[in-house]
Amino acid sequence: MAPGGDSSIDLNQDGQGDSILSTFENDYDFEQGTSMAAPHVTGVAALLVAQNPELTHAQVESIIKDAADPQGQCNEGCGAG
């Protein structure tokens with residue numbers, strides 16, 4: 001599970017939609033969707049490979065999936081993580 005954001009809701013009640021702050025052109029903007037989640041997973045994969053450059057793609061995927069905590073599920077239908 002990686003945060004993808006949803007600008008149509010405000011679960012933490014801070015007065016702003018639950019989007020992800022991201023770089024946008026030459027500035028920052030709040031965005032949502034899988035394009036916001038993918039960099040989080042990619043970063044984890046990069047950290048794994050930095051520690052062990054011999055890891056294959058399949059091994060990295062397996063490590064990430066095996067490390068997922070099923071108690072980390074959200075109430076909105078997210079997967080384990």
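In the predicted model, strand 1 and strand 2 (residues 27-31) run antiparallel and are joined by five bridges. The two strands form a hairpin with two residues between them, and within this hairpin Glu25 adopts a positive phi near 55°. Strand 1 itself spans residues 20-24 and includes Leu21, and Ser22 likewise belongs to strand 1.

Ser22 stands opposite Asp29 of strand 2. With a relative accessible area of 18%, Ser22 is classed as buried, because this value falls under the 20% cut-off. When neighbours within four places in sequence are set aside, the contacts of Ser22 comprise Asp27, Tyr28, Asp29 and Met36. Asp29 therefore appears both as the residue opposite Ser22 in the strand pairing and among the residues in contact with Ser22, where contact means heavy atoms within 4.5 Å.

Leu21, by contrast, contributes to the surface: together with Tyr28 and Phe30, Leu21 forms a nonpolar patch whose members have about 360 Å² of accessible area together. Tyr28, a member of this patch, is also one of the residues that Ser22 contacts. In general, side chains in a regular strand alternate between the two faces of the sheet.

The segment before strand 1 contains Ala2, which is partly exposed at 24% relative accessibility. Apart from residues up to four places away in sequence, Ala2 touches Ala37, His40 and Val41. The C-alpha atoms of Ala2 and Met36 are separated by 8.4 Å, although the two residues lie 34 residues apart along the chain. Met36 is also among the contacts of Ser22.

A single salt bridge is present in the structure. The partners are Lys65 and Glu61, whose closest N and O atoms are 2.8 Å apart, a separation that satisfies the criterion of a side-chain nitrogen within 4 Å of a carboxyl oxygen. Both residues lie in helix 2, which covers residues 57-67, and they are four residues apart, corresponding to about one turn of the helix. The two partners fall into separate accessibility classes: Lys65 counts as exposed because its relative accessibility of 56% is over the 50% cut-off, whereas Glu61, with a relative accessible area of 42%, is partly exposed. As a general matter, side chains of opposite charge can pair when their charged atoms come close.

Notes
Residues are numbered from 1 along each chain as its sequence is written. This is a predicted model: local features need pLDDT of at least 70, side-chain atom pairs count only at pLDDT 80 or more; totals for chains, interfaces and linings use all residues. Side-chain values use heavy atoms; hydrogens and water are left out. Patches are made of residues with over 30% relative accessible area and no salt bridge: like charges are joined within 9 Å, nonpolar side chains (Val, Leu, Ile, Met, Phe, Trp, Tyr) within 5 Å. Accessible areas come from the Shrake-Rupley method with a 1.4 Å probe; for residues, only the protein chains shown count as cover. Two strands pair if DSSP finds at least two bridges between them. Buried means under 20% relative accessible area, exposed over 50%, partly exposed in between (1.4 Å probe, protein chains only).
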